[in-house]
Amino acid sequence: MGGLGGEKNIIAGVDMVSAPKFIVDTNVGRLTKWLRLMGYDAQFFHGRDDSSLVAIAKAEGRVILSRDTHIMKRRLITSGQVKAVLIQSDEHERQIHQVIEELGLDYRFNLFTLCLECNQPLVRRKKEEVKELVPPYVFKTQSQFRQCPACRRIYWRGTHWRAMTQRLKKFSNKTK
Ligand SMILES: [Zn+2]
């Protein structure tokens with residue numbers, strides 16, 4: 001991320017500097033979307049090579065999420081220089097639950113402030129600005145809109161938003 005000057009670390013008044021940031025291995029790729037939904041900066045790792053995954057994590061201060069036990073044996077991780085979470089389950093609902101529990105995340109942290117596709121901070125848009133960009137029914141019934149500066153996708157708190165938030169709530173309460 002960048003290009004937003006001094007405000008790049010503050011989204012909707014929330015301090016992003018102290019919040020954990022993630023790099024998500026391809027073997028647990030579905031976690032990326034859920035972390036972004038909560039507002040946590042989550043980069044999807046496209047490469048194949050473990051050392052570049054660990055190098056990015058170290059350079060950018062990201063927590064590694066992976067199913068790969070070999071990565072966990074790397075020196076930067078065993079020495080504590082890079083934080084990594086070995087994801088236990090194959091099932092993505094359990095995976096997100098594990099991450100929430102182990103890292104003490106709050107599912108309401110900064111909901112819907114990042115683009116689910118690009119990991120970019122969304123920008124608020126006035127209703128009139130999106131008139132041509134959203135379906136007429138959405139324009140009529142919604143009042144708050146945000147847009148991704150990278151892919152131009154428009155977000156609003158419709159039924160899909162509510163359904164995803166409910167699922168997140170369910171995942172985070174699983175054992176409570
Ligand atoms: Zn986007």
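The following dialogue examines the core, the sheet and one helix of a predicted model.

Student: How many helices and strands are there in the chain?

Tutor: The chain has 176 residues, of which 28% are buried. Its regular elements are of two kinds, and the count is 7 helices and 9 strands.

Student: Which element gives the largest share of the largest nonpolar core?

Tutor: This core has 31 residues, and those with the most contacts inside it are Val24, Leu31, Ile64 and Leu65. Among the elements that give two or more residues to it are β3 (21-24), β5 (62-66), α5 (92-103) and α7 (159-173). The largest share, 5 residues, comes from α1.

Student: Where does this core lie with respect to domain 1 and domain 2?

Tutor: Nonpolar side chains tend to be buried together in soluble globular proteins. In this model, domain 1 covers residues 20-103 and domain 2 covers residues 123-173. Both domains give residues to the largest nonpolar core, so the core lies between them.

Student: What is the order of the strands in the open sheet of 4 strands?

Tutor: Consider the pairings of β5. Strand β5 runs parallel to β3, with 4 bridges joining the two, and β5 also pairs in the parallel sense with β6 (residues 84-86) over 3 bridges. With β4 included, the order is β4-β3-β5-β6.

Student: Which strands stand at the edges of this sheet?

Tutor: In the order β4-β3-β5-β6 the pairing is parallel, and neighbouring strands are turned by 25 degrees against each other on average, direction ignored. An edge strand here has a single partner strand, so one side of it is left without a neighbour in the sheet. The strands in this position are β4 (42-44) and β6.

Student: Which residue of β6 is the bridge partner of Leu65?

Tutor: Leu65 is among the residues with the most contacts inside the largest nonpolar core. In β5, Leu65 is the bridge partner of Val24. Elsewhere in β5, Ser66 stands opposite Leu86 of β6. For Leu65, the bridge partner in β6 is Val85.

Student: How many residues of β5 are buried?

Tutor: Strand β5 pairs with β3 through 4 bridges, and α2 lies across β3 and β5, running at about 150 degrees to β5. β5 is mostly covered: of its 5 residues, the number buried is 4.

Student: Why is α1 described as largely enclosed by the rest of the structure?

Tutor: Helix α1 lies across β3, β4 and β5 and runs at about 155 degrees to β4. Its buried residues are covered by elements including β3, β4, β5, α5 and α7. Those buried residues are Leu31, Thr32, Trp34, Leu35, Arg36, Leu37 and Met38. The helix is largely enclosed because, of its 8 residues, the number buried is 7.

Student: Leaving aside its neighbours within four places in sequence, which residues is Leu31 in contact with?

Tutor: Leu31 is one of the buried residues of α1, and Leu31 is also among the residues with the most contacts inside the largest nonpolar core. With those neighbours left aside, its contacts are Val24, Leu65, His92, Gln95, Ile96 and Val99.

Student: What phi does Gly39 take?

Tutor: Gly39 comes just after α1. Its phi is positive, with a value of about 105 degrees.

Key. Residues numbered from 1 in each chain as written. Predicted model: local features only at pLDDT ≥ 70, side-chain atom pairs only at ≥ 80, totals over all residues. Core = buried A, V, L, I, M, F, W, Y, C linked by C-beta atoms within 7 Å. Buried ≥ 20, exposed ≤ 12 C-beta atoms within 10 Å, placed from the backbone. Domains from an automatic or database assignment. Contact = placed C-beta atoms within 7 Å. Pairing = 2+ DSSP bridges. Axes fitted to C-alpha atoms, helices over the stretch in contact; angles between N-to-C directions.
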